[in-house]
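Okay, thanks for coming, everyone. I'll put the structure up and then walk you through a few spots in it. Stop me whenever you like.

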Amino acid sequence: MKPVRATTNTTDRVREQLPLALCGTYAIPDNTDWDYATADTKTHTHCYHLYPAMMIPQVARRLIRLYGNAGELLLDPFCGSGTSLVEARLAGLDAIGIDLNPFAVFLARAKVTDFELDQVVAEAKVLRARLEEWLKSARRVPPPNFYNIDYWFKPEAQEDLALLRYAIDQCISEDVRDFFLVAFAATVRASSNTRRGEYKLFRMPESALAAYRPQVFPTFWEKVERNVRGLCEFLADRVPRTTVSVYEADSRHPLPIASESVGLIVTSPPYGDSQTTVAYGQFSRLMLQWLGFPDEVAKSIDRRALGGQSRSTQVQLDAPTLESVMETIAHQHPRRAAQVYQFYADFAECLPELTRVVKPLGYACFVVGNRTVKGVRIPTDQILIEIAESFGWRHITTYHRRIPNKRMPLRNSPSNRPGDWGDTMTHEHIVILQKR
Ligand SMILES: C[S@@+](CC[C@H](N)C(=O)[O-])C[C@H]1O[C@@H](n2cnc3c(N)ncnc32)[C@H](O)[C@@H]1O
């Protein structure tokens, strides 16, 4: 039976008190559980932009403290908006991030960049003055011509966004431009016709749309101000000599990383295929289109992500838990079972590269959720352990956290087996593995 712990044990607590050698001076609050229900998750550059299924910075911070060492290299092979990469710099570690979504790569790079604060503030003033002048003289710039722009943006939003985008290109120097483009991307989303509080692309109902007045310029300046505060915090707390590289790549393919160079992986892979779980591509589409990416790139992300399409896989899975779940689902829904299997097969295809780049005895921390398909709960935490063990990893422990905005009483596992905790909507599982 594998050890399962819901809270931190004594060894962990002692380790958490130790300085990471230290470099990073940013304080970690004491905690016994992993919920961080009331924690501020938008400090530093974490406030820059929303992204679906973001990792909680406090979780990344604590994993680095528990399993990382100063001077080591951290890898996040599904880095999304870069939460763990930001935390690596705050803790004094170099890091590499990989994601196949170009919008994620754009956000992650911006969040780990030391933009020159004085330059950002000075250029913001120039940009504001230029925009005021252009608005007074009713200057117009033609909006881009991407697929369905009229469906997702009112004419006045298109006009204002086009002028703003043009002004950023004209007035802002290249070395700080991405700082402003991140605020622009957040403004794109906030002034679109999409329903609020959804990551997928759903249009507002007609009644709401009729009353809706997009506020492009006030929204943009609000985001710039908030992000300047985040940048100040980041510049004060990050360890200056640390570096982060972020690559747009597929983690199933050979990675641009030397063998046995990584000390620690901290990552949250997708929960399942994007079509039926979190649609990272759909979320990113409008921002990518306004940033000038071709429609085809913006529309293909979910298809290219783990589990995105059926294809023959080279990896033979050695995971009894997955087999038994597959049997149950396949009994009634063979096609759905094949789709679920494809996701895990794709995930397993990442393992040879992840194993190659990690040092012997290095750690990998995976934050995963257990979803339900056709009424059958899929214990991804246990499946992940079985897959990783077949590639030479050892399961150290699993921590469990309640997802705070969906709080429910924590049910203890009757069998004490990984995967027997709560359900998809209430818990995340943090699986810790060590390379043998
Ligand atoms: C749960 S999100 C990561 C969120 C991230 N931890 C954060 O805080 O923003 C999972 C990410 O995996 C990426 N992804 C999916 N399939 C991938 C693949 N084959 N290679 C690299 N990245 C992939 C998605 O684009 C998505 O950004």
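**Starting from the ligand**

So, the first place to look: the ligand sits in the largest cavity. Before I go on, please keep in mind that this is a predicted model. Everything I quote is computed from it.

Who is around the ligand? There are 23 residues around it, and the ones that come nearest are Tyr51, Met55, Ser81, Thr83 and Asp99. If you sort that shell by class, you get 14 nonpolar, 6 polar and 3 charged residues.

Let me give you some distances. Thr83 has a side-chain N or O atom 2.6 Å from an oxygen atom of the ligand. For Ser81, a side-chain N or O atom is 2.7 Å from a ligand oxygen. Tyr51 also has a side-chain N or O atom at 2.7 Å from an oxygen of the ligand. And how much of the ligand does the protein cover? On its own the ligand has 600 Å² of accessible area, and the protein covers 100% of that.

**The loop before α2, and α2 itself**

Next, the loop between α1 and α2. Three residues in there are worth a look.

Take Pro52, which lies in that loop. Is Pro52 buried or exposed? Its relative accessibility is 1%, so Pro52 counts as buried. If you go looking for Gly281, it is 229 residues away from Pro52 along the chain, yet their C-alpha atoms are separated by 10.0 Å.

Now Ala53, also in the loop between α1 and α2. Ala53 has a relative accessible area of 40%, which makes it partly exposed, because the buried class stops at under 20% and the exposed class starts at over 50%. The backbone is the other thing to check here: Ala53 has a positive phi of about 55°, and it isn't a glycine. Why flag that? Most residues other than glycine have a negative phi.

There's another one like that. Tyr36, again not a glycine, has a positive phi of about 50°. Tyr36 is found in the loop between α1, residues 10–17, and α2. With a relative accessible area of 7%, Tyr36 is buried.

Then you come to helix α2 itself, residues 57–67. How many of its 11 residues are buried? The count is 11 of 11, so α2 is largely enclosed by the rest of the structure. Read down the list of buried residues and you'll find some side chains that may catch your eye, including Arg61, Arg62 and Arg65. Pro57 and Tyr67 are on that buried list as well.

**A histidine in β9**

Let's move along to His429. You'll find it in strand β9, which runs over residues 427–435. His429 has a relative accessible area of 0%, so it's buried. Which partners does the His429 side chain have? One is His400, with a polar contact of 2.9 Å between the two side chains. Another is Asn370, whose side chain joins that of His429 through a polar contact of 3.2 Å.

**Some pairs that are apart in sequence**

Last bit, a few pairs to click on.

Leu322 is in helix α13, residues 320–332. At a relative accessible area of 1%, Leu322 is buried. Its C-alpha atom is 5.9 Å from that of Ile383, and these two are 61 residues apart along the chain.

Just ahead of that helix there's Gly307, in the loop between α12, residues 295–304, and α13. Gly307 has 10% relative accessibility, so it counts as buried. How far is Gly307 from Gln342, C-alpha to C-alpha? That comes out at 5.3 Å, with the two positions 35 residues apart in sequence numbering.

And finally Pro205, found in the loop between α8, residues 174–190, and α9, residues 206–211. Pro205 counts as partly exposed because its relative accessibility is 45%, and exposed would need over 50%. Asn193 is 12 residues from Pro205 along the chain, and their C-alpha atoms are separated by 9.1 Å.

That's my tour. If you want one view to come back to, I'd pick the ligand in the largest cavity, with the protein covering 100% of its accessible area. Questions?

Note on methods: Residues are numbered from 1 along each chain as its sequence is written. This is a predicted model: local features need pLDDT of at least 70, side-chain atom pairs count only at pLDDT 80 or more; totals for chains, interfaces and linings use all residues. Side-chain values use heavy atoms; hydrogens and water are left out. A residue is near a molecule or strand if one of its heavy atoms lies within 4 Å of it. A polar contact is a pair of N or O atoms within 3.5 Å; within protein, one must be able to donate a hydrogen and the other to accept it, and residues adjacent in sequence count only if both atoms are side-chain atoms. Accessible areas come from the Shrake-Rupley method with a 1.4 Å probe; for residues, only the protein chains shown count as cover. On a 1 Å grid over the protein atoms alone, a cavity is a set of points where a 1.4 Å probe fits but cannot get out, and a pocket is an open set with protein on both sides within 12 Å along at least five of seven lines; lining residues have an atom within 4 Å of a point. A molecule sits in a cavity or pocket if more than half of its atoms lie within 2 Å of its grid points. Ala, Val, Leu, Ile, Met, Phe, Trp, Tyr, Cys and Pro count as nonpolar, Asp, Glu, Lys and Arg as charged, and the others, Gly among them, as polar. Helices (H or I, at least four residues) and strands (E, at least two) are DSSP runs, numbered from the N terminus. Buried means under 20% relative accessible area, exposed over 50%, partly exposed in between (1.4 Å probe, protein chains only).
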